Each structure stands twice: as structure tokens, then as C-alpha cells.
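Subject: Structure handover

Hi,

Here is the structure I promised to pass on. Please load it before you read my notes.

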Amino acid sequence: MITTTTRHLLQYLIVLSMALAGAAFAQGTQRAQGTQTAAAPATVPGAQVQKPEQYILGPGDVVRVSVFQNPDLTLETRVSEQGQISYPLVGSVALGGLSVREAEQRIAKALKDGKFVLNPQVNILLMQVRSAQISILGQVGKPGRYPIDQVGAKVSEMIAAAGGVVPGASDIVTLSGTRNGRPVKLEIDLPQVLQAGKTELDPVVQTGDILHVDRAPLIYVYGEVQKPGVSRLERGMTVMQALAQSGGLTQRGTERGLRIHRRDAAGTINIIQPAMNDPVERDDVIYVKESLF
């Protein structure tokens, strides 16, 4: 029969073994978490984002080259006009015309062939992209060709670099370019990006892109209105709003004599008798007839 003292001793040993096992488990978990944390790259606000591996390096690009476990070989430098960089131990290395991945492999081979590093793991981070350029045309402050100075630059940022849109410009920016070897044409709604904060609608530009800002869509109002002439077509504008923008009807004008001349896709002009809440379309010609009574 187990005595009370023996029973207490056994209970104490059981509790002690459970406590030791729990401590060992907790320590192992912390060690595992610590290993994962150390392996995960730190996120620094405002840090440059690495360009896709297929990006082709060229003169003026600023790169940061690093070799795993070899901090002395970390170098931030600019690709020369000849497409070369001067790298520690190996000297001049031609990177112009290579993709980021190919440039990493070339530097790694030079380090290995020179027996400087046994198994070099080279990483190249793009800091500035100056060899890449885009064209910005149309209704902007300074049309022309612009370098993509910042990795990951977006359409709105490039439009700002060109002086922004001028008065009378459209809210839509058209991007023409190539993605994955295929031509693309995108329409970027600037108010949605800048005012509504929908940054997902603001694509990253790539070399060779063409950004075009057209003039704002217009409508034409004449006849018995206070201020006949050309007006900007605002979003969602109705016939009533278009007439209000033109100062409203004169004393001789009548809603019953209201007509819209609208050109269809085939170029045919159709005459429409609209209601006051009907939407107005681009290049509509609104005519207000004189009342007979």
C-alpha cells in the first residue's frame, strides 16, 4: 500500500516533470519563432521595391549589390554609360543589357571563378531606374519624354512630374504599352485615384509606355439660352444641368422645343427629343427652340 508521503512525492514528481516539459516546449517555440523572424526580411517604410527579374539594366540605373554572408561586398553604384560597374575583387563587370537575374549570375560567376567566394549568393536591388523612359503627351503642363526615376513609379506620379493636367483637360489618362509581350491600353481615372483613394486603379509604368491626356469632353448648347456656346461635359451631367450651365432658358425658350443632335458610332447624326433628366453625351449639340406663344 502506498503511504501518504509516497503519494505526495509521486504527485510532486509528476507536476515537476510537466513543468519542465512545458518550459522546454515554450523555449523551442520561441527559438523557432525567433528563427522565422530573423529569416523574414524587414519592411522599411519608403524603401525601394525590387524590380521584376526580367527588368533589363541600362546606363544610369542605380543598383545595390550584396552577397550573402559577405557584408564587405555590399556596394551601391550606378551603371556607367558603357553599361558597366566596378565591383570589389573582380573589377569591371558589364551589366548593361542583362536582366536583374542574369546580372546576379554574372557577378556570382566572377566571384566564384576568381576563387574569392566559394558559393556566392548574389542579390541585386534596383534603387533608381534612369535608363527607362516613358512619353507623356496631351493636356499636361510639360509634355515630353521622362525617365522613370523611382522603382515602382505609378501613372499619377508621372503625370505630376510632367506638371499635372492643365485646365480643360480630361480626367482620364490613357496608357498604351506592352505587358508580358502583348500590347495593352488602359484608362486611368485620376479622380478615383487621387480623390477616392483607389490606389489599386493606379498602375505602375514601364519603359516604353505612352501616357496621353485628352482634352475634356465638350457639349454645345445654342438657341434660346442665356449663354450659348461650348461647355465642359461633367460626369453624369443631365440635360437640365447642361442648360443650367448655360444660364438657363431665355424668356422665349421652351422645353418643348428642346432637341439634341447626336452622332452615333457610324457617324450618322440623330435628332433626339430628350427629357430633362436624360444624360448628355460627349459632343452632343443641344438646341433650344423659340416658343411660338
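Below are notes on one helix, some strand pairing and the nonpolar cores.

This is a predicted model: local features need pLDDT of at least 70, side-chain atom pairs need 80 or more, and totals for chains, interfaces and linings use all residues. Residues are numbered from 1 along each chain, and side-chain values use heavy atoms, without hydrogens or water.

Helix α2 covers residues 100-113 (helices are DSSP runs of H or I, at least four residues; strands are E, at least two; both are numbered from the N terminus). At 1.5 Å a residue, its 14 residues should span 20 Å, and the end C-alpha atoms are 20 Å apart, which agrees. The expected span is 1.5 Å times one less than the number of residues.

Its buried residues (under 20% relative accessible area, 1.4 Å probe, protein chains only) are Val 100, Ala 103, Glu 104, Ile 107, Ala 108 and Leu 111. Down the axis of α2 they fall within an arc of 135 degrees (directions from axis to C-beta atoms), so they line one face. They pack against β1, β2, β3, β4 and β5 (contact is heavy atoms within 4.5 Å).

Strand β15 (285-290) pairs with β11 (218-223), parallel, through 4 bridges. It also pairs with β13 (253-263), antiparallel, through 5. Pairing takes at least two DSSP bridges. Gly 223 stands opposite Val 288; His 261 partners Val 285.

The largest nonpolar core (buried Ala, Val, Leu, Ile, Met, Phe, Trp, Tyr and Cys joined through side-chain atoms within 4.5 Å) has 43 residues. Its largest share, 5 residues, comes from α2. A second, separate core of 14 residues includes Ile 219 and Ile 286.

Best wishes

Terms used:
Buried < 20%, exposed > 50% of the residue type's maximum accessible area, 1.4 Å probe, protein only.
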